[in-house]
Amino acid sequence: MQPRNMSMSGVVDLAAVKAAGEAKAKAEQARAQAARQGGAAAVAPSALVIDVDEAGFERDVLQRSAEVPVVIDFWAEWCEPCKQLGPLLERLAVEYNGRFLLAKVDVDANQMLMQQFGIQGIPAVFAVVAGQALPLFQGAAPEAQIRQTLDQLIQVGEERFGLTGIAVDAEAGEAGPAPVPAGPYDALLEAAMSALDAGDLAGAVQAYKNVLADDPGHPEAKLGLAQAELLARVQGMDPQQVRKNAADDPADVTAQIAAADLDLVGGHVEDAFSRLVDVVRRTAGEDRDAARLRLLELFEVIGPDDPRVTAARQALARVLF
């Protein structure tokens, strides 16, 4: 799904309608009330990104939009492009230092909001400025374009609605160095490596899982588990037969997945990725899910920063959305 409406022309059109005058008056009234109460308190940088649901939407989005543009990121856990766009928007929210507030809406848990905004696919990004909803873009977009869109949004908020953002206290909520997670990770990781060296793939898998049970985000354990599981899957395979099965029946999803595993183990990373992307493109239902999930597992084996993974994620997004 390609980004759209990056020019922000929709913002200009909406700002010109009659309702904009009423929205501006409401924003001015809210700021005047805050001034009478001593002004709005400065917030910590972490408060610039919030999770929003249907129950709190009016308070957290509509009311806050009277003091700062609120950018809404509609996302879901299963959406791979969302996992690229979301962290970028979160980083920009902190970098822009209160010029906008980022509200994240999980569409799976907030179907009504998704319907009210008329969202056809995700990720989808909207803004609310002084009570006015503005479409920004849909799908993943390059950072430069996102920055341009945010700059235009902030300019519209300032010039047409007088929104100057919220004060940020850079020292508020500062945390010290991240605590070292509890657990004998060195021993467990060493046990996993020893198991791999001994050909005990099941033991290596279990050792990595023991680490992840206590620290689900442990990068070394995630990578090790993905690699160990891949090796366990291809162990005992007859490579010639697997490749023959895949060549003889392109519609056999199980055969294509097995061949992709062999491709990756053999160092043919791009072949493995393109094979599974093609399966996702040609299938539906459980077959498509099986191919998609295996592709995500293979991404873990190579690592998220590898350019081949980035390219394959983009290709996957195109066939999914």
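# Exercises on helix packing

A291 sits in helix α13, which covers residues 285-302. The model is predicted. The protein has 14 helices and five strands.

## Exercise 1. The surroundings of A291

Task: decide whether A291 is buried or exposed, and state which residues it touches beyond its sequence neighbours.

Solution.
- Step 1. Take the accessibility. The relative accessible area of A291 is 0%.
- Step 2. Apply the cut-off. Buried means under 20% relative accessible area, so A291 is buried.
- Step 3. Set aside neighbours within four places in sequence. A291 is then in contact with I257, L276, V279 and V280.
- Step 4. Place one partner. I257 is among the buried residues of α11.
- Step 5. Add a distance. D278 is 13 residues from A291 in sequence, and their C-alpha atoms are 9.3 Å apart.

## Exercise 2. Two helices checked for length

Task: compare the expected span of α4 and of α11 with the distance between their end C-alpha atoms.

Solution.
- Step 1. Start with α4, residues 80-95. Its 16 residues, at 1.5 Å a residue, should span 22 Å.
- Step 2. The end C-alpha atoms of α4 are 24 Å apart, which agrees.
- Step 3. Turn to α11. Its 13 residues should span 18 Å at 1.5 Å a residue.
- Step 4. The end C-alpha atoms of α11 are 19 Å apart, and this too agrees with the expected span.
- Step 5. Look at what α4 hides. Its buried residues are E80, P81, C82, L85, G86, L88, L89, L92 and A93.
- Step 6. Look past the end of α4. N97 follows the helix and has a positive phi, near 55°.

## Exercise 3. How α10 meets α11

Task: describe the packing of α10 (residues 239-248) against α11 (residues 253-265).

Solution.
- Step 1. Choose the descriptors. Two packed helices are described by the angle between their axes and the distance between the axes.
- Step 2. Read them off. The axes of α10 and α11 come within 8 Å and cross at roughly 135°.
- Step 3. Classify the angle. Over 145 degrees would count as roughly antiparallel and 65 to 115 as roughly perpendicular, so α10 and α11 are oblique to each other.
- Step 4. Give the hand. The crossing of α10 and α11 is left-handed.
- Step 5. List the contact. From α10 come P239, V242, R243, N245 and A246; from α11 come A255, Q256, A258, A259, L262 and D263.
- Step 6. Sort by class. The contact of α10 with α11 has seven nonpolar, two polar and two charged residues.

## Exercise 4. Q256 and the loop before it

Task: locate Q256, find its accessibility class and list its contacts; then treat A251.

Solution.
- Step 1. Q256 lies in helix α11.
- Step 2. Its relative accessibility is 4%, so Q256 counts as buried.
- Step 3. Apart from neighbours within four places in sequence, Q256 is in contact with A246, D249, P250, R275, L276 and V279.
- Step 4. V242 is 14 residues from Q256 in sequence, and 8.5 Å away in space, C-alpha to C-alpha.
- Step 5. Move to A251. This residue is in the loop between α10 and α11.
- Step 6. With a relative accessible area of 60%, A251 is exposed.
- Step 7. A251 and T283 are 32 residues apart along the chain, with 8.5 Å between their C-alpha atoms.

## Exercise 5. What covers α11

Task: state how many residues of α11 are buried, and which helices they pack against.

Solution.
- Step 1. Count. In α11, 11 of 13 residues are buried, and the helix is mostly covered.
- Step 2. Name some. The buried set includes V253, A260, D261 and L264.
- Step 3. Find the partners. These buried residues pack against α9 (219-234), α10, α12 (269-282) and α13.
- Step 4. Set this beside the whole protein. Buried residues make up 43% of its 321 residues.

## Exercise 6. The pair α13 and α14

Task: give the geometry and the contact of α13 with α14 (residues 307-320).

Solution.
- Step 1. The axes of α13 and α14 come within 10 Å and cross at roughly 165°.
- Step 2. Angles over 145 degrees count as roughly antiparallel, so α13 and α14 are roughly antiparallel to each other.
- Step 3. Their crossing is left-handed.
- Step 4. R288, R292, L295, L296, F299 and I302 of α13 meet R308, V309, A312, R313, L316, V319 and L320 of α14.
- Step 5. By class, the contact of α13 with α14 has nine nonpolar, no polar and four charged residues.

Conventions:
Residues numbered from 1 in each chain as written. Predicted model: local features only at pLDDT ≥ 70, side-chain atom pairs only at ≥ 80, totals over all residues. Heavy atoms only, no water. Helix = DSSP H or I, 4+ residues; strand = E, 2+ residues; numbered from the N terminus. Expected span 1.5 Å × (residues − 1). Buried < 20%, exposed > 50% of the residue type's maximum accessible area, 1.4 Å probe, protein only. Contact = heavy atoms within 4.5 Å. Axes fitted to C-alpha atoms, helices over the stretch in contact; angles between N-to-C directions. Parallel < 35°, antiparallel > 145°, perpendicular 65-115°, else oblique. Left-handed = near helix turned anticlockwise from the far one by under 90°. Nonpolar A, V, L, I, M, F, W, Y, C, P; charged D, E, K, R; others polar.
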